[in-house]
Amino acid sequence: MAKSLDQRFGPIVVEDSDDIGSNDSTNTPFLEVSGMRTGRRDLLKGLLGTTTALGAAFAAGAAGSVLRPSDAAAQGASTLTFTQPRHVILDSHQVAPGYDVDLLIRWGDKVMPDAPAFDPKNLTGAAQEKQFGYNCDYIGYLPLPHGSDSSEHGLLGINHEYTAPELMFADWFQAGADGKLKERGTTAEETKVEMAAHGHTVIEVRKENGRWSVVDGSPYARRITMDTACRISGPAAGHPRMRTNADPDGTTVHGVLNNCAGGKTPWGTVLISEENFNGYFGGGDPDSSPQAKHYKRYGISAESRYWWHETADRFDLGKEPNESNRFGWMTEYDPYDAASVPVKRTALGRFKHEGATSILNKDGRVVLYSGDDERFDYLYRFVTKGTYDPDDRAANRDLLDEGTLSVAKFDDDGTVRWLPLVHGQGPLTPANGFESQAEVLIETRRAADLLGATPMDRPEDVEPNPVNGRVYVMCTNNTRRKGSQVDAVNPRPENRHGQIVELIPPGGAGREADHAAETFRWDHVLLAGNPASEKDKAAYHPATDVWLSSPDNCAFDPQGRLWISTDQGEAQAKNGIPDGMYACDLEGPGRALVKFFFGCPAGAEMCGPEFTPDGKTLFLAVQHPAEGENSTLANPLTRWPDFQPGMPPRPSVVVVTKQDGGPVGS
Ligand code: FEO
Ligand code: CA
Ligand code: CA
């Protein structure tokens, strides 16, 4: 356990972006420059007017990272009572005073009872399969026993999104024939390590004497890796485009890929997303394939980000042109049964799913929201056909196989319409290459293009708030949006910092909200960015004295307040502020009054915020500490969290609790 880690300053250069922006569909109706929609224009002007005044105070601070003195009276509008830590990038994490941060599990730590000890100089696929994977992202807390609301004993389902070979393997950059440093590529064994470091982990955790720990030898402990057999279900199961040499039936695929955020269902299963799956496939000649246009829309090309296709045939597009069609889905599994087979639910569509979060609608149907995290891609909703049965868990087993997938079209007048992606309706016909619902789902993006969905500024987490019944969309950024492409919901060109959009279903607040309705209203919570920069055109509550960039994931505490995690990627160094946790009220006079709560170590992004039901514990995932230009295993930006010579930086899950034992945030 590491409670008080050293805090040291270090040079910061960060680079990472999977986002390739592959929506160049010409038939997508970008709106003309329209300014803010009616009603918002004045409010935003008002906010901007105030934040411009804030700007002078920001500008007075060194490197744009020192806060102006808080206006205590104005800050009093917030129900969040904590004092903000310094808003600067450090080698280590930091948190608001009065809170503890405990390390729960790190890359390489034991998950399975027979896992060997972490040996960073001798990584093997066999060891990694039993150890905690790399780059932890989504965290889902599920109480034990199932059906209880225990906040002191439960399971954590944790995603492992991707691997960073330069921080895992020695001598990653080597001189090429031209003398320039190049990535050397992975060996066959290193590829096995990477495959085993992806996927998902289940651990059992318990709080005793105020401190959380992993239960050793738990029957629930599990790793899901690229070796794990998953069933394919729903309309696309068995379709010819889902068949491969290894799986002529098109119903079984091994592994889940690039698992970013996720979600839970009312019946206590976990949803694993597949985000940037395209980067694992390469080789062949995809440009002259019958699927060439389809590959392009999903960013699949002969150039792979990884080297997997050199040792595993199924990732070689020349050898298995359909294997990539079997990724990009949402996968459901039962964390309460370590032997359960994960199921890819094709009815939820295929795109770069950031995650999928659910809410029980008042009519008993289950509604899921999911963002396609790419510049100019879309926001989706799925409504089950059947209804949830709270008295028979097994009866809900295949609820996610039938229902209606829709895509969002935002209008400047403040309405958002959900357009159904149903084969045979509108343009989704054989004339446009859709022979069945299976093809609509395999090519969800193209179907949504044809319907005229609204291209968004990279929609990441989309989460329904169970307290107020509204839905929150983290649009992380979109530097490619031109002035001619702005609309009311994506109002800024060259959007470097993102915005948070609020969706308002009809029917009333909380449980009364009708998440299955055809039309919602929408609003902005905030426009992220630095108020000191006129160019940013940021907008927060005027008493906000801190700023954030690139909202990625979110969570709600039991009071329904919004907790925002950020991922600036390559912009972290340029912005000069850490990624971490920020929070604000959504109701009352403190709405959009943002406060900074937790800072990640250098190079890391913040993921997976998850509260226990009592709100007294906040689980956080620190992903890719030390990632950045020229940061390598031999000379990383930081050696968080161990700070030991020879120990690599290690993506980890940490636990935040309040020292007085009270709820986090208040
Ligand atoms: Fe994996 Fe959208 O962040
Ligand atoms: Ca994310
Ligand atoms: Ca991210």
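Q: Helices are DSSP runs of H or I, at least four residues long, numbered from the N terminus. Which residue follows α9?
A: The model is predicted. In it, helix α9 covers residues 444-451. The residue that follows α9 has a positive phi, near 80 degrees. That residue is Gly452.

Q: How many helices and strands are there in the chain?
A: The chain has 666 residues, and 64% of them are buried. Its secondary structure includes helix α9 and strand β27. The full count is 10 helices and 33 strands.

Q: Among contacts between residues at least 6 apart in sequence, what share joins residues at least 24 apart?
A: Contact here means heavy atoms within 4.5 Å. Pairs must be at least 6 apart in sequence to enter the count. Of these, the share joining residues at least 24 apart is 67%.

Q: Which residues coordinate the calcium ion (ligand 3)?
A: The donor atoms lie at 2.3 to 3.1 Å from the ion. Along the sequence, the donor residues are spaced D-x14-D-x37-E. Glu605 is listed with two OE donors, and the Asp donors are OD atoms. The residues are Asp552, Asp567 and Glu605.

Q: Which residue coordinates both the calcium ion (ligand 3) and the calcium ion (ligand 2)?
A: The two ions are 3.1 Å apart. The residue they share coordinates each of them, and its name is Asp552.

Q: How many residues apart are Asp552 and Glu605?
A: Both residues are donors to the calcium ion (ligand 3). Asp552 sits in strand β27 (residues 551-556), while Glu605 sits in strand β31 (residues 605-611). Both are buried. The pair links distant parts of the chain, and its separation is 53 residues.

Q: Which helix gives the largest share of the largest nonpolar core?
A: This core has 61 residues. Leu257, Phe281, Phe315 and Leu421 have the most contacts inside it. Beyond its neighbours within four places in sequence, Leu421 touches residues including Gln437 and Val440. The largest share is 4 residues, from helix α8 (residues 437-442).

Q: How many residues are in the second, separate core?
A: Its members include Ala96, Ala604, Phe643 and Val664. The size of this second core is 25 residues.

Q: Which elements do the buried residues of α9 pack against?
A: In α9, Thr444, Arg445, Ala447, Ala448 and Asp449 are buried. Among them, Thr444, Ala447 and Ala448 are in contact with Leu421. The packing partners of the buried set are α6, β18, β19, β20 and α8.

Q: How many of the 10 residues of helix α5 are buried?
A: Helix α5 spans residues 188-197 and is mostly covered. Its buried residues are Glu190, Thr191, Val193, Glu194, Met195, Ala196 and Ala197. They pack against α3, β4, α4, β7, β9 and α7. The buried count is 7.

Q: Which residue just after α5 takes a positive phi?
A: Helix α5 ends at residue 197. Just after it comes a phi of about 100 degrees, and the residue that takes it is Gly199.

Q: Which elements give two or more residues to the lining of the largest cavity?
A: The whole structure holds 2 cavities of 30 Å³ or more, and the largest has a volume of about 50 Å³. Its lining includes Leu368, Tyr369, Ser370, Tyr380, Arg381 and Phe382. By type, the lining residues divide into 8 nonpolar, 2 polar and 1 charged. The elements giving two or more are β17 and β19.

Key. Residues numbered from 1 in each chain as written. Chains lettered and ligands numbered in written order. Predicted model: local features only at pLDDT ≥ 70, side-chain atom pairs only at ≥ 80, totals over all residues. Heavy atoms only, no water. Donors = N, O, S within 2.8 Å, 3.2 Å for Na, K, Ca; no water. Buried < 20%, exposed > 50% of the residue type's maximum accessible area, 1.4 Å probe, protein only. Core = buried A, V, L, I, M, F, W, Y, C linked by side-chain atoms within 4.5 Å. 1 Å grid on protein atoms, 1.4 Å probe; cavity = no way out; pocket = protein on both sides within 12 Å on 5 of 7 lines; lining within 4 Å. Points joined across faces, edges and corners; volume = space filled by probe spheres on them. Nonpolar A, V, L, I, M, F, W, Y, C, P; charged D, E, K, R; others polar.
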